[in-house]
Amino acid sequence: MGEALGGLLQPGDVVALFGELGSGKTMLVRGIAAGLGCPRGDVHSPSFTLINEYVARPGGGGDLPARVAHVDLYRIRSEDELPGIGWDEVLHSRHVVAVEWAERALRWLPPDHLRVTLETLEGNGRRLRAQATGPRSVQLALGWVEAAGLEAKAS
Ligand SMILES: Nc1ncnc2c1ncn2[C@@H]1O[C@H](COP(=O)(O)OP(=O)(O)OP(=O)(O)O)[C@@H](O)[C@H]1O
Ligand SMILES: [Mg+2]
């Protein structure tokens with residue numbers, strides 16, 4: 001699922017991840033990074049830094065290699081800390097941005113971002129819900145549904 005989304009993401013896109021501990025947020029970021037051509041093995045929860053950067057392997061096309069900013073707000077104490085950890089730089093630097101624990105910094109998210117909520121089901125399955133907040137994220141959500149071979153439900 002993550003890889004299908006990663007294949008659609010462009011610099012400046014923001015994916016906000018919601019879901020309890022262990023619901024699969026980091027694993028989804030691993031897929032997103034892979035879909036953008038970054039090595040899966042690079043992806044680990046940013047713990048001390050709060051933001052990790054992954055760069056795609058060179059090769060293919062004349063485009064600059066994709067860069068992913070992986071933000072994890074689990075350890076943030078207050079929303080006010082966000083500007084201090086490099087958030088503004090990341091938003092303005094043509095990264096694809098994926099944010100774990102996005103509910104901890106809702107007011108700093110750009111108006112148009114894709115919201116993905118993960119839930120753990122009985123028997124180790126996961127439910128994933130995607131919600132758009134503007135025209136670009138609508139495009140992403142619909143593209144993702146198509147790329148993953150699913151059906152969209154209006155709500
Ligand atoms: N789609 C999935 N299906 C089955 N197991 C999964 C899935 N996604 C993640 N897991 C498993 O759940 C565990 C936690 O995953 P992950 O670290 O991605 O969660 P997280 O939401 O990032 O957790 P945290 O809140 O601690 O950051 C891992 O052991 C992983 O293998
Ligand atoms: Mg995580």
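**Exercise 1.** Find which residues of H4 are buried, and work out how they sit around the helix.

*Solution.* Start with the terms: helices are DSSP runs of H or I with at least four residues, strands are E runs of at least two, and both are numbered from the N terminus. A residue is buried if 20 or more other C-beta atoms, placed from the backbone, lie within 10 Å of its own. In this predicted model, local features need pLDDT of at least 70, side-chain atom pairs need 80 or more, and totals for chains, interfaces and linings use all residues. Residues are numbered from 1 along each chain as its sequence is written, with chains lettered from A and ligands numbered from 1 in the order written.

Step 1: that picks out Ser 137, Leu 140, Ala 141 and Trp 144.

Step 2: look down the axis of H4; these buried residues fall within an arc of 100° (taken from the directions from axis to C-beta atoms), so they line one face.

Step 3: now see what covers them: H1 (2-6), E5 and E6 (126-131) are included.

**Exercise 2.** Check the length of H4 against its expected span.

*Solution.* Take 1.5 Å times one less than the number of residues. For the 13 residues of H4 that gives 18 Å, and the end C-alpha atoms are 18 Å apart, so the two agree. Just after H4 comes Gly 149, with a positive phi near 70°.

**Exercise 3.** Which residues surround ligand 1 most closely?

*Solution.* Count residues whose C-beta atom, placed from the backbone, lies within 6 Å. You get 13, the closest being Gly 24, Lys 25, Thr 26, Met 27 and Arg 126. Helix H2 (25-35) gives the largest share, three residues.

Terms used
Buried ≥ 20, exposed ≤ 12 C-beta atoms within 10 Å, placed from the backbone. Contact = placed C-beta atoms within 7 Å.
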